[in-house]
Amino acid sequence: MKSLEIIGFKRANLDSPSVSEIREEGNVPCVVYGPGIKEQVHFYAPAILFRELLYTPEVHMVALNIEGIKVKAILREAQFHPVSDVLLHADFLAYSDKKPIKMDIPVDIKGSAPGILKGGKLEMKTRTLSVKGLAQDLPDSIPVYISNLELGKSVKVHEVKAEGFEILTNPSVSIATIGIPRALRGKKNTEEEDEI
C-alpha cells in the first residue's frame, strides 16, 4: 500500500482563537490517537500536504512526522466546511503492526462483461469495501471480476476473494450491476411475450 508523509507541528493551545489562526495561515488542525502511540497528540500541518491524501481514489498509509515524533497512521476522518469545502480538521488513527485495523479499500473492476456488449451499462453500487487486517496485508485495491455478468446481473461482496484480510461489508451487498437500458427493456419484454 502507498505511503505518504505529512510533517506536522505540535499545538500548544487548543482553544478556538488559536484554531482559527492555524486555519488562516493555511494549516489544518489535526489529532492522532490509537494503539500505535502512548497518548493522543494535537498538531497542525500545511493544508497542501493533504491534497494527495484526500483528492484521490487511492488509499494511503500516512507517515506522520510531528517535530521528530514519527507515527504510522491512517486518516480516520476529515471534516470539511459545508459551503467552501475547505478541509477544517483531520483525525488520524495510529496503528500497530501487530493489531488489525479497519479501512475502506476501493474496488478495481476487471474484465469485460457480456452484458455490456449487448447494450447494458455498468452501474457501480459501491466503490469501496470495508475490510479488517494487519496494515501490511491490506491491498491498494480489491479486484472485482465482471467477465461473466449478463444483462441485469450483479456481482456481490460474497463473490470477492480476500487473502490475508477480512471483508466486513455485508456479503449480500451488490458491488456492480449490468443495468438494462429502457430501450432494451421494452425489446426484452416483447421477446418474452413472443415465446409465450
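## Confidence first

Averaged over the chain, the pLDDT comes to 89, and 94% of the residues reach 70 or more. Keep in mind that this is a predicted model.

The stretch to treat with care is residues 190–196, where the pLDDT is below 50. Apart from near neighbours in sequence, residues 190–196 have zero contacts in the model. Where pLDDT is low, the predicted coordinates should not be read in detail.

## Two domains

The domain assignment splits the chain into domain 1, covering 2–98, and domain 2, covering 102–191. Going by C-alpha atoms, the centres of domain 1 and domain 2 sit 32 Å apart. Each side brings a set of residues to the contact: ten from domain 1 and ten from domain 2.

## Where the domains meet

Between them, domain 1 and domain 2 bury about 730 Å², and carbon and sulfur atoms account for 61% of that. On the domain 1 side, look at Val 59, Met 61 and Asp 97: they supply 55% of the area that domain 1 buries against domain 2, more than any other three residues.

What about polar links? The rule finds zero salt bridges across the interface of domain 1 and domain 2. It does pick up one residue pair in polar contact there, with both residues at pLDDT 80 or more. Strand E4 (60–66) and strand E5 (69–80) each give at least two residues to the side of domain 1 that touches domain 2. Sorted by type, the residues on that side of domain 1 come out as five nonpolar, four charged and one polar.

## Salt bridges, and Asp 97 again

How many salt bridges does the rule count? The tally is five. One to pull up on screen is Asp 97 with Lys 72, whose closest N and O atoms are 2.5 Å apart. This pair ties together distant parts of the chain, 25 residues apart. Lys 72 is in strand E5, while Asp 97 belongs to the loop between strand E6 (87–94) and strand E7 (101–110). Asp 97 is also one of the three residues named above for the area that domain 1 buries against domain 2.

## Two loops with positive phi

Most residues other than glycine have a negative phi. Which way do Glu 67 and Asp 85 go, positive or negative? Glu 67 has a positive phi, near 50°, and its place is in the loop between E4 and E5. Asp 85 has a positive phi too, near 65°, and lies in the loop between E5 and E6.

Key: Residues numbered from 1 in each chain as written. Predicted model: local features only at pLDDT ≥ 70, side-chain atom pairs only at ≥ 80, totals over all residues. Heavy atoms only, no water. Domains from an automatic or database assignment. Contact = heavy atoms within 4.5 Å. Buried area = accessible area lost by both parts, 1.4 Å probe. Salt bridge = Lys/Arg side-chain N within 4 Å of Asp/Glu carboxyl O. Polar contact = N/O pair within 3.5 Å; in protein donor to acceptor, adjacent residues only side chain to side chain. Helix = DSSP H or I, 4+ residues; strand = E, 2+ residues; numbered from the N terminus. Nonpolar A, V, L, I, M, F, W, Y, C, P; charged D, E, K, R; others polar. pLDDT = per-residue confidence, 0-100.
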